[in-house]
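Here is a short set of exercises to work through with the model open in your viewer. Try each task before you read its solution.

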Amino acid sequence: MEQSLEPSIITVLGTVVFRVIWLLTVFKMVPTYEMLMNVYVASWIFTGGLLLLIYLKHMRKLEKKAIK
């Protein structure tokens with residue numbers, strides 16, 4: 001349970017919150033269809049990057065436990 005909560009929260013933040021912030025800031029400054037579609041790529045990169053960081057953090061913890 002505890003291991004799936006963090007990625008779930010990050011996914012919601014990256015796919016919902018990030019996109020709303022994008023619409024209220026970036027899209028408002030450049031209101032084009034292309035900029036609207038760019039939100040998908042940007043949110044995937046943002047979410048993927050955060051998930052990668054969390055994965056690496058957890059792998060380091062496992063490595064430290066394995067060494068002891």
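Helices, of type H or I with at least four residues, and strands, of type E with at least two, are taken as DSSP runs and numbered from the N terminus. Please keep in mind that this is a predicted model.

**Exercise 1: the overall fold**

Task: Find how many helices and strands the protein has, and decide whether its chain is spread out or compact.

Solution.
Step 1. Counting the elements gives three helices and zero strands.
Step 2. Following the sequence, the pattern reads α-α-α.
Step 3. The radius of gyration is 16 Å, while the globule rule gives 11 Å for 68 residues; the value is well over the rule, so the protein is more spread out than a compact globule.
Step 4. A box along the principal axes that holds the C-alpha atoms comes to roughly 55 × 20 × 15 Å.
Step 5. As for burial, 15% of the 68 residues are buried.

**Exercise 2: two buried residues in helix H3**

Task: Work out whether Thr47 is buried or exposed, and which residues Thr47 touches beyond four places in sequence.

Solution.
Step 1. Locate Thr47 in helix H3, which spans residues 33-67.
Step 2. Its relative accessibility is 7%, and buried means under 20%, so Thr47 counts as buried.
Step 3. Setting aside residues up to four places away, Thr47 touches Ile10, Thr11, Gly14 and Thr15.
Step 4. Now look for polar partners: a polar atom of the Thr47 side chain lies 2.8 Å from the backbone oxygen of Ser43.
Step 5. Move on to Ser43, which also belongs to helix H3. With a relative accessible area of 1%, Ser43 is buried.
Step 6. The Ser43 side chain has a polar contact of 2.9 Å with the side chain of Arg19. Beyond four places in sequence, Ser43 is in contact with Gly14, Phe18 and Arg19. Gly14 thus appears in the contacts of Thr47 and in those of Ser43.

**Exercise 3: around Met35**

Task: Say which residues Met35 is in contact with once neighbours within four places are left aside.

Solution.
Step 1. Met35 sits in helix H3.
Step 2. Because its relative accessibility is 18%, Met35 counts as buried.
Step 3. The contacts of Met35 beyond four places are Trp22, Val26, Phe27 and Val30.
Step 4. Take Trp22 from that list: Met35 and Trp22 are 13 residues apart in sequence, and their C-alpha atoms are 9.5 Å apart.
Step 5. Another partner, Val30, lies in the loop between H2 and H3. At 35% relative accessibility, Val30 counts as partly exposed.

**Exercise 4: separation in sequence and in space**

Task: For Lys28 and Leu52, compare how far apart they are in sequence and in space, then do likewise for Leu53 and Lys64 and for Val30 and Ala42.

Solution.
Step 1. Start with Lys28, in helix H2, residues 26-29. Its relative accessibility is 65%, so Lys28 counts as exposed.
Step 2. Lys28 and Leu52 are 24 residues apart in sequence, with 30 Å between their C-alpha atoms.
Step 3. Leu53 belongs to helix H3 and is exposed, with a relative accessible area of 54%.
Step 4. Leu53 and Lys64 are 11 residues apart along the chain, and 17 Å separates their C-alpha atoms.
Step 5. For Val30 and Ala42, a gap of 12 residues in sequence goes with 15 Å from C-alpha to C-alpha.

**Exercise 5: the largest pocket**

Task: Find the volume of the largest pocket, and tell which helix supplies the largest share of its lining.

Solution.
Step 1. A reminder of the idea first: rolling a probe the size of a water molecule over the atoms shows where empty space is left.
Step 2. The largest pocket has a volume of about 290 Å³. Its lining has 11 residues, and those closest to the centre are Gln3, His58, Met59, Lys61 and Leu62.
Step 3. Helix H1 (2-24) and H3 each supply at least two lining residues.
Step 4. H3 gives the largest share of the lining, eight residues.
Step 5. Sorted by class, the lining of this pocket holds four nonpolar, two polar and five charged residues.

Conventions:
Residues are numbered from 1 along each chain as its sequence is written. This is a predicted model: local features need pLDDT of at least 70, side-chain atom pairs count only at pLDDT 80 or more; totals for chains, interfaces and linings use all residues. Side-chain values use heavy atoms; hydrogens and water are left out. Buried means under 20% relative accessible area, exposed over 50%, partly exposed in between (1.4 Å probe, protein chains only). A polar contact is a pair of N or O atoms within 3.5 Å; within protein, one must be able to donate a hydrogen and the other to accept it, and residues adjacent in sequence count only if both atoms are side-chain atoms. Contact means heavy atoms within 4.5 Å. On a 1 Å grid over the protein atoms alone, a cavity is a set of points where a 1.4 Å probe fits but cannot get out, and a pocket is an open set with protein on both sides within 12 Å along at least five of seven lines; lining residues have an atom within 4 Å of a point. Grid points are joined across faces, edges and corners, and a volume is the space filled by probe spheres set on the points. Ala, Val, Leu, Ile, Met, Phe, Trp, Tyr, Cys and Pro count as nonpolar, Asp, Glu, Lys and Arg as charged, and the others, Gly among them, as polar. The radius of gyration is taken over C-alpha atoms; the globule rule is 2.2 Å times the number of residues to the power 0.38.
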